[in-house]
Amino acid sequence: MENSTWMTNHTDMSGFILVGLFSQTEHPALLCAVIFVIFLMALSGNSILIFLIYSSTHLHTPMYFFISQLSLMDVMYISVTVPKILMDQVSGVNKISAPECGMQMFLYVTLAGSEFFLLASMAYDRYVAICHPLHYPVLMNHRVCLSLASGCWFLGSVDGFLFTPITMMFPFCRSRAIHHFFCEVPAVLKLSCSDPSLYEIFMYLCCVLMLLIPVTVISGSYYFILLTIHRMNSAEARKKAFVTCSSHMTVVILFYGAAVYTYMLPSSYHSPEKDMMVSVFYTILTPVLNPLIYSLRNKDVMGALKKMLNGSFQETVK
């Protein structure tokens, strides 16, 4: 009987309570409105960018293909967490079932892992375009681009299938209150009544590998890119190459910096409040910043946007 009770207490997966962001503020309604506006901006900004890339023939290049993939990931990324946050605040119910928590965790980990490798693919694309421009159409043909993008999605899903089942299989006998606004792996692990230290070491090593491979590709690519830019005779060519690469490096620093904090720093550096603020940055703010970074500093994208708006205006006048 005692064993049966123990099993019931330790395996009951009725659900969790998401403490969330709104418990940290005195003005939850205002914060909810701000998050909703940011969510709409991220959806519209990334959707417009995807539409422009696929509707404008002069944007049918490998660089913009990868940017469209990044925008697609950002749309999915913010949609995994924010709608749940907003619905919980409006309804006053902040519970999430175990299957929903597992699905949210899987999608989040998959998209984050995919974006790690996509940013590396984008760096390699810039390396080939700047350092080997004559071979660029061959080295970065349509098949290569599709293969790289598919590989990014596949490697990200491997992360999801690896971390999600293991995390959700831990027995949760402590409080069901997750001190976070979504089911992030470290936050859920804190509820485990068994020692997750071995799994945390495994997760740390996997994250090191996940970051080391893309960072090596990005660092190597930009090392050769900087050497090539330094040797360019044309000031205009140097400026164009630098603007393109600086946009990408801004996104890399924002995304990878948050990932290093979340998964690689010792637990002594963490607190629920800090973890939530960092997660807000890369799950809510980064998706709205990416289209701004890649559009406002890009003449081709801004030109396509102006052309689309002028066409819409002329049709309206007619």
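## Helices and strands

Helices (H or I, at least four residues) and strands (E, at least two) are DSSP runs, numbered from the N terminus. This is a predicted model, in which local features need pLDDT of at least 70, side-chain atom pairs count only at pLDDT 80 or more, and totals for chains, interfaces and linings use all residues. Residues are numbered from 1 along each chain as its sequence is written, and side-chain values use heavy atoms, with hydrogens and water left out.

The protein has eleven helices and three strands. From the N terminus, their order is α-β-α-α-β-α-α-α-β-α-α-α-α-α. Of the 318 residues, 47% are buried (under 20% relative accessible area, 1.4 Å probe, protein chains only).

## A nonpolar surface patch

Tyr 124, Leu 139, Leu 209, Ile 213 and Val 217 form a nonpolar patch on the surface. Together they have about 400 Å² of accessible area. Helix H8 (residues 197-231) gives the largest share, three residues.

Tyr 124 sits in helix H4 (residues 98-131). The residue is partly exposed (between 20% and 50%), because its relative accessible area is 30%.

## How H3 meets H4

Two packed helices are described by the angle between their axes and the distance between the axes. The axes of H3 (residues 62-91) and H4 come within 10 Å. They cross at roughly 160° (on a scale from 0 to 180 degrees between N-to-C directions). H3 and H4 are therefore roughly antiparallel (over 145 degrees). H3 passes H4 in a left-handed crossing (the near helix is turned anticlockwise from the far one by less than a right angle).

Definitions and conventions: Patch = residues over 30% accessible without salt bridge, like charges linked within 9 Å, V, L, I, M, F, W, Y side chains within 5 Å. Areas by Shrake-Rupley, 256 points an atom, 1.4 Å probe, with all protein chains shown as cover. Salt bridge = Lys/Arg side-chain N within 4 Å of Asp/Glu carboxyl O. Parallel < 35°, antiparallel > 145°, perpendicular 65-115°, else oblique.
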